[in-house]
Amino acid sequence: MIESRALRAALDFLFPAQCAGCNAIGSGLCHACAPLGARAIRVRLRLVPVVAYGCYEGMLRSAILALKDGRRDVTEALGERIAPFVRPGTLLIPVPTTATRRRVRGMDGVALIASKAADISGARVLAALQQHAGDAQRGRTRNERLAARGRFRCDAGAIAGKRITFVDDVCTTGATLEDCERAVAEAGGTVEGAVVVAATKSSPSWRPAPSEH
Ligand SMILES: [Zn+2]
């Protein structure tokens with residue numbers, strides 16, 4: 001771990017932060033490509049009200065694709081973009097990726113975005129959800145499979161009686177956020193909403209709206 005941190009510092013020195021949209025040096029996403037203080041997009045899901053920084057297209061799409069390449073500079077820039085939508089004192093739960101993807105990318109991009117947003121806005125991050133890989137179902141009995149239908153597991157000890165807000169990169173159909181909501185509710189927590197970087201135009205119901213936070 002220490003070795004990988006030293007390696008990361010060396011790489012940051014050799015390859016400084018660069019805008020995922022236009023390649024300008026300085027940050028993972030420059031202010032020309034993605035301004036701070038943009039109007040939020042609100043998405044209405046059945047169970048979870050979602051606030052998105054922007055639409056999943058153009059520079060924002062490039063930035064989110066850069067997360068899959070393990071671009072840490074981009075996670076910082078995206079954390080800055082969503083921070084204005086996070087109230088101080090909020091308990092943030094990042095929607096987790098699978099352990100396999102985390103290994104391949106060398107990071108969990110959404111966890112880093114949540115951490116940056118929490119630092120700026122005075123919120124806290126609680127890593128209380130885990131996502132199981134799709135093949136985790138193999139070898140289980142039918143009843144075990146039914147009991148473990150959801151992809152997400154929540155640490156009940158950490159969450160019972162608490163009000164939380166999810167953080168994710170993209171909201172498409174909202175199915176992932178609703179799966180997560182179910183896991184948190186079963187563990188005794190209450191979901192107040194979700195803050196995401198981008199929503200696709202196919203999201204259930206989206207509309208630009210002035211930020212309330
Ligand atoms: Zn740019």
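Which residues in α3 meet which residues in α5? Keep that in mind as you open this predicted model; the tour comes to it after a look at the whole chain and a stop at the sheet.

**Stop 1: the whole chain**

Start with everything shown as a cartoon. The chain holds 8 helices and 9 strands. Colour by burial if your viewer allows it: of the 213 residues in the chain, 38% are buried. A contact map is a good companion here, too. Among contacts with a separation of 6 or more, 78% are between residues 24 or more positions apart.

**Stop 2: strand β8**

Now select residues 190-199, which is strand β8. Of its 10 residues, 8 are buried, so the strand is largely enclosed by the rest of the structure.

Add residues 163-171 to the selection to bring in strand β7, which runs parallel to β8 and is joined to it by 8 bridges. To see one of these pairings, pick Val 170 and look for its bridge partner in β8, Ala 198.

Next add residues 49-55, strand β2, which is also parallel to β8 and is linked to it by 5 bridges. Here Val 50 is a handy marker, standing opposite Ala 194 of β8. With side chains switched on, one general point helps in reading the picture: along a regular strand, side chains alternate between the two faces of the sheet.

**Stop 3: Val 191**

Stay in β8 and zoom in on Val 191. Is Val 191 buried or exposed? The count is 21 C-beta neighbours inside 10 Å, and the cut-off for buried is 20 or more, so Val 191 is buried.

What does Val 191 touch, once residues up to four places away in sequence are set aside? Select Val 48, Ile 164, Phe 166, Glu 181 and Val 184 to see the set. For a distance label, try the C-alpha atoms of Val 191 and Phe 166: they are 7.7 Å apart, with the two positions 25 residues apart along the chain.

**Stop 4: the β1–β2 hairpin**

Keep β2 visible and add residues 40-44, strand β1. This strand is mostly covered, with 4 of its 5 residues buried. β1 and β2 run antiparallel and are joined by 4 bridges. Together they make a hairpin, with 4 residues between the two strands. Label Arg 44 and you will find Pro 49 of β2 opposite.

**Stop 5: α3 against α5**

Time for the helices, and for the opening question. In general, a packed pair is described by the angle between the two axes and the distance between them.

Select residues 72-82 for α3 and residues 109-121 for α5. Their axes come within 7 Å and cross at roughly 45 degrees, and the pair is therefore oblique. The crossing is right-handed.

Now show the contact itself. On the α3 side, pick Arg 72, Thr 75, Glu 76, Leu 78, Gly 79, Glu 80 and Ile 82. On the α5 side, pick Gly 109, Leu 112, Ile 113, Ser 115, Lys 116, Ala 117 and Ile 120. Coloured by class, the contact has 6 nonpolar, 4 polar and 4 charged residues.

**Stop 6: α2 against α3**

Leave α3 on display and add α2, residues 58-67. The axes of these two helices are 8 Å apart, at an angle of about 130 degrees. α2 and α3 are therefore oblique to each other, and their crossing is left-handed.

From α2, Ala 63, Ala 66 and Leu 67 make the contact, and from α3 it is Val 74, Thr 75 and Leu 78. The class colouring gives 5 nonpolar residues, 1 polar and no charged ones.

**Stop 7: the loop between α1 and β1**

Finish in the loop that links α1 (2-14) to β1, and select Asn 23. As a general rule, most residues other than glycine have a negative phi. What is phi for Asn 23? The value is near 70 degrees, which is positive in a residue other than glycine. Asn 23 is exposed, with 9 other C-beta atoms within 10 Å.

In this loop you can also pick Pro 16, which is exposed with 11 other C-beta atoms within 10 Å. As a last distance label, join the C-alpha atoms of Pro 16 and Gly 28: they are 12 residues apart along the chain and separated by 9.1 Å.

Conventions:
Residues are numbered from 1 along each chain as its sequence is written. This is a predicted model: local features need pLDDT of at least 70, side-chain atom pairs count only at pLDDT 80 or more; totals for chains, interfaces and linings use all residues. Axes are lines fitted to C-alpha atoms, for helices over the stretch in contact, and angles run from 0 to 180 degrees between N-to-C directions. Angles under 35 degrees count as roughly parallel, over 145 as roughly antiparallel, 65 to 115 as roughly perpendicular and the rest as oblique. A crossing is left-handed if the near helix is turned anticlockwise from the far one by less than a right angle, and right-handed if clockwise. Two residues are in contact if their C-beta atoms, placed from the backbone, lie within 7 Å. Ala, Val, Leu, Ile, Met, Phe, Trp, Tyr, Cys and Pro count as nonpolar, Asp, Glu, Lys and Arg as charged, and the others, Gly among them, as polar. A residue is buried if 20 or more other C-beta atoms lie within 10 Å of its own, exposed if 12 or fewer, and partly exposed in between; C-beta atoms are placed from the backbone. Two strands pair if DSSP finds at least two bridges between them.
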